[in-house]
Amino acid sequence: MQNQISVQEPRTKYPEAATSPTTTLVSGCNSEGGANQGVRMGGSSADPPFETTYKNLLDKSVQQKMNLSVVDQECCELPLIDLKQLGLGEVERQACKKLIAQASREWGFFQVINHGVSPDVMETMRAEQMKLFQKPFEEKKAYKDLNFPAGSYRWGTPSPTSLNQLSWSEAFHVHLTDILGSAGLTTLRSSMEQFAFTVSEVAQELANILAEEMGRETDLFKETCLPSSCYLRLNRYPPCPTYSHMMGLMPHTDTSFLTVLHQDNVGGLQLLKDGKWIAVKPNPRALIINIGDLFQAWSNNLYKSVEHRVLANPVKERFSTAYFFCPPHDTVIQSAAVEEPGVYRSFSFGEYKKQIELDVRSTGQKVGLQRFLLPAH
């Protein structure tokens, strides 16, 4: 039959039990072939000084015999949606839109193929990202030859007081205004700009579909979520010798409306569903989409911003690139309550980010939307 809707339902399985502690966290969710083995330039000179900086907390964790490894880690493929269906007949388009909304309600995560971002753009972005992170740590920290604003490069966790606040990762978190119009200046900046613009079109289309499916057609995303207000984050998760005591990235929700993620073939991403941590099997053809806090609030809890994390890996480095679909700071988020009472009070994006910063400084973690619940909730 022609013009069938192509969607792959989530498949869940349990990977084989690990035979040694060094494989516990990474078995069962790696794509076959293409896994990065970890390029180490000049020994460990490219890596941040995790072990020396966190020595006291790591020593304490060993004494307490803390272990985060999980032998029976559940592994799945996220709902897989073929976006080419949006360009076919009206029946196919409406069915595809409903699948997008259903995944956003039930999972808060889904993946898309035939998304319009060419493999060349994604491969060039990944190659430039890997070259960037191979630079010596001191050079990345000092922004030598990178021309990124101070504060763009981040690693680990600032001022942690306990092991559960640590992240074994490094990143360049870049506001797109800092790279717009940079085409031709450097291959890295050109790649970032091209990747961001193509992915932003995917985010715009999906956001509009989600609004339509909740009965609220709007120009909000078209008018506010422009490249000038969005962010690109280049992530690297180095091999972690103390992986059984450490996360690559601690559990969190994203602050954005939507996040569009391109990851490599090394597993590690997990999301929380029905009280269980689910390991996401990499798909080299797909982009991963997840709902952020702003969309959960704007949709009055219809779409879910779900906690997710990244496990540390003892032998392989992992790379990912995230596009955060965000409005300007003065944009007011108001729950789109049509028939039911609103769950959250109105707040600006800037107010929300400021509250997160205050909570992280005072408690060591993000509190998020709970701070903005109306009294009845």
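**Buried charges, aromatic pairs and loop residues in a predicted model**

Arg-309 is buried and yet takes part in no salt bridge, the nearest side chain of opposite charge being that of Glu-307, 8.3 Å away. The model in which this arrangement is found is a predicted one, and Arg-309 is placed there in strand β14. In the absence of a salt bridge, the side chain of Arg-309 is joined to that of Gln-270 by a polar contact of 2.6 Å. The charged end of Arg-309 also sits over the ring of Trp-277, at 4.1 Å from the centre of that ring. A further case of a charge over a ring is provided by Lys-273, which lies over the face of Trp-107, 4.7 Å from the ring centre.

Asp-254, which belongs to the loop between β9 (247-252) and β10 (258-263), is likewise buried without a salt bridge, and here the nearest side chain of opposite charge is Lys-366, 6.3 Å away. Because a salt bridge requires a side-chain nitrogen of Lys or Arg within 4 Å of a carboxyl oxygen of Asp or Glu, the separation of 6.3 Å between Asp-254 and Lys-366 does not qualify. The side chain of Asp-254 instead makes polar contacts with two other side chains, that of Thr-259 at 2.8 Å and that of Asn-290 at 3.1 Å. Apart from residues up to four places away in sequence, Asp-254 touches Thr-259, Asn-290, Gly-292, Asp-293, Ser-305, His-308, Phe-324 and Lys-366. Lys-366 is thus among the residues touched by Asp-254, although no salt bridge is formed by Asp-254.

For the protein chain overall, the secondary structure comes to nine helices and 17 strands, and buried residues make up 52% of the 377 residues. Of the contacts with a separation of 6 or more, 80% are accounted for by residues 24 or more positions apart.

The structure holds 20 aromatic pairs. In one of them, the rings of Phe-133 and Phe-319 have their centres 6.2 Å apart and their planes at 50°, so that the pair is classed as tilted. This pair links distant parts of the chain, with Phe-133 in helix α4 and Phe-319 in strand β15 (residues 318-325), 186 residues apart. Both partners are buried, Phe-133 at a relative accessibility of 1% and Phe-319 at 2%. Phe-148 and Phe-172 form another tilted aromatic pair, with a centre-to-centre distance of 5.7 Å and an angle of 55° between the planes. Distant parts of the chain are linked by this pair too, since Phe-148 lies in the loop between α5 (137-142) and β6 (153-155), whereas Phe-172 lies in strand β7 (residues 170-175), 24 residues apart. Phe-148, although placed in a loop, counts as buried at 5% relative accessibility, and Phe-172 is buried with a relative accessible area of 0%. The four residues of these two pairs belong to a cluster in which ring pairs link Phe-50, Tyr-54, Phe-133, Phe-137, Phe-148, Tyr-153, Trp-155, Trp-168, Phe-172 and Phe-319.

Two asparagine residues in loops adopt positive phi values. Phi of Asn-114 is near 50°, a positive value in a residue other than glycine, and the residue is placed in the loop between β5 (109-113) and α4 (119-133). Asn-114 counts as partly exposed, at 45% relative accessibility. For Asn-301, phi is near 75°, again positive in a residue other than glycine, and its place is in the loop between α8 (293-298) and β14 (308-311). Asn-301 is partly exposed as well, with a relative accessible area of 23%; because residues count as buried only under 20%, Asn-301 at 23% does not fall within the buried class.

Gln-334 is a further loop residue, lying between β16 (332-333) and β17 (347-348), and is partly exposed with a relative accessible area of 48%. Its contacts, not counting residues up to four places away in sequence, are with Arg-216, Trp-298 and Ser-346. The C-alpha atoms of Gln-334 and Ser-299 are separated by 8.6 Å, while the two residues are 35 residues apart along the chain.

Conventions: Residues are numbered from 1 along each chain as its sequence is written. This is a predicted model: local features need pLDDT of at least 70, side-chain atom pairs count only at pLDDT 80 or more; totals for chains, interfaces and linings use all residues. Side-chain values use heavy atoms; hydrogens and water are left out. Helices (H or I, at least four residues) and strands (E, at least two) are DSSP runs, numbered from the N terminus. Buried means under 20% relative accessible area, exposed over 50%, partly exposed in between (1.4 Å probe, protein chains only). Contact means heavy atoms within 4.5 Å. Rings of Phe, Tyr and Trp (its six-membered ring) pair if their centres lie within 6.5 Å; planes under 30 degrees apart count as stacked, over 60 as edge-to-face and the rest as tilted. A charge sits over a ring if NZ of Lys or CZ of Arg is within 6 Å of the ring centre and within 35 degrees of the ring normal. Lys and Arg count as positive and Asp and Glu as negative; His and the chain ends are not counted. A polar contact is a pair of N or O atoms within 3.5 Å; within protein, one must be able to donate a hydrogen and the other to accept it, and residues adjacent in sequence count only if both atoms are side-chain atoms.
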